[in-house]
Amino acid sequence: MVSGPAWAQAIWLAPQYENQTEALGWSPDAFKTPEGMELRVQFWKDIYTKYSSSQGVLHDSLYVHLVYGDIDFSDIESNAELTVHQRLKAREKRVKEKKNETEARLKRLQSLETSEGLEGEDLRLWNMFVSITDKNKFLEASKRGRLRFQLGQRNMFLSGIQQSGRYLRQMEEIFREEGLPIELTRLPFVESSFNLRARSRVGASGIWQFMRSTAKAYMRMDASGDSRNDPLLATRAAARKLRSNFQVLGKWPLAVTAYNHGPSGVKRLTEKMGTTDIVELIEVRKGRFGFASASFFASFLAAIEVERHADMYFGAPIAVEPEIRGTEIRLTKNMPLKDIQPLFRGDLDLAKLLNPHISTRVWEGKQALTVRHTLRVPLAPETSEATAAGEPLK
């Protein structure tokens, strides 16, 4: 129960995933890295733990573990004379130069029959490709779309762990109530690093990055509020979406991949390829099933491992945001700001903290929170004025 706006810091504790025998599709090996995916998972573990957002790697988009080199932007980021736009352009220019250099090197290697006489970076790249048998492997690797830059996420992942302290225990409770493995509550590390303000260029929103078209089946969205931006309301919706994916596809690797690619798309892919083996499927790069979809399960497995051993990767102890709890009620009538304020004893900071999905217009008194929205209050409905406003959620 939340009683005020200030709480003491909490400390990160390693998750416990054992004894989920009642959870749908769970086994001790349900989220174990499949044979053949180890290098892909390691790539994402490196991205989450070795490289900050001022760094990154140039790599092959098909064989993601083939890293051509690191790129560092620290000097650009520390240059106070540059505007934000200029820094972005400088970073883009540096990546482009590295891509051009690598493309030229790969094309030179394609003209050689042996590694005789090679040294330095040329020899390193030759040896990187030694297990690939395609006779045009260097030429193919040099083509547009194969050379890819991935920004590091170490600082963002650590921030995600810190932010997750507010919600993760309740998220696990929701997934248990829904009968699903609690490992799945770690998907927001991949989707948003638990950034409550995460918004994608294509319109996805919240820590679970729901698109409006998907969210409308599970959540309420209108001018007064967007439930996608409430971590707990979105968690309930994500659990139900993931259960639906599993019921269609029958395996968690496929159901998790479908969270990114869509269950129909994954189903079509399995039928076309004649396999439900995720390792075989991720080798495909056709149509909408591109790098993001093919990488999604591997990045999820990496996130589970990094968060499970966060003390090893980031040092201990790790201070996390303290848990915040409230009581959820679903409104049975529109509620303007003047009726919301008494439920929080006039503490609007607390009201906003408990209800990140409510729009600014409501807090400014320009829009009532509309009927059937959920409001999270700091008092139990049966002992507060909230009873008159709505019904408690079960």
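## A tour from one hairpin outward

In this predicted model, begin by selecting strands E2 and E3, which form a hairpin with six residues between them. E2 covers residues 55–60 and E3 covers residues 67–72, and the two strands run antiparallel to each other, joined by five bridges.

Stay on E2 and colour its residues by accessibility: five of the six are buried, so that the strand is mostly covered, with burial meaning under 20% relative accessible area.

Next, add strand E4, residues 147–151, to the selection; E2 pairs with E4 as well, again in the antiparallel sense and over five bridges. Which residues stand across from Val-57 in E3 and in E4? On the E3 side Val-57 lies opposite Asp-70, while its bridge partner in E4 is Gln-150. As you follow the side chains along a strand, keep in mind that in a regular strand they alternate between the two faces of the sheet.

Now zoom out to the whole protein, in which 18 helices and 10 strands can be selected. Its C-alpha atoms fill a box of roughly 80 × 55 × 40 Å along the principal axes, and the radius of gyration of 24 Å agrees with the value near 21 Å expected for a compact globule, because that expectation rests on the 394 residues of the chain.

With a surface displayed, about 19500 Å² is exposed, 49% of it supplied by carbon and sulfur atoms, whereas 49% of the 394 residues count as buried. Finally, colour by charge: the mean positions of the 57 positive and 49 negative charges are 6 Å apart.

Definitions and conventions. Residues numbered from 1 in each chain as written. Predicted model: local features only at pLDDT ≥ 70, side-chain atom pairs only at ≥ 80, totals over all residues. Heavy atoms only, no water. Helix = DSSP H or I, 4+ residues; strand = E, 2+ residues; numbered from the N terminus. Rg over C-alpha atoms; globule rule 2.2 N^0.38 Å. Buried < 20%, exposed > 50% of the residue type's maximum accessible area, 1.4 Å probe, protein only. Areas by Shrake-Rupley, 256 points an atom, 1.4 Å probe, with all protein chains shown as cover. Lys, Arg positive; Asp, Glu negative; His and termini not counted. Charge placed at Lys NZ, Arg CZ, Asp CG, Glu CD. Pairing = 2+ DSSP bridges.
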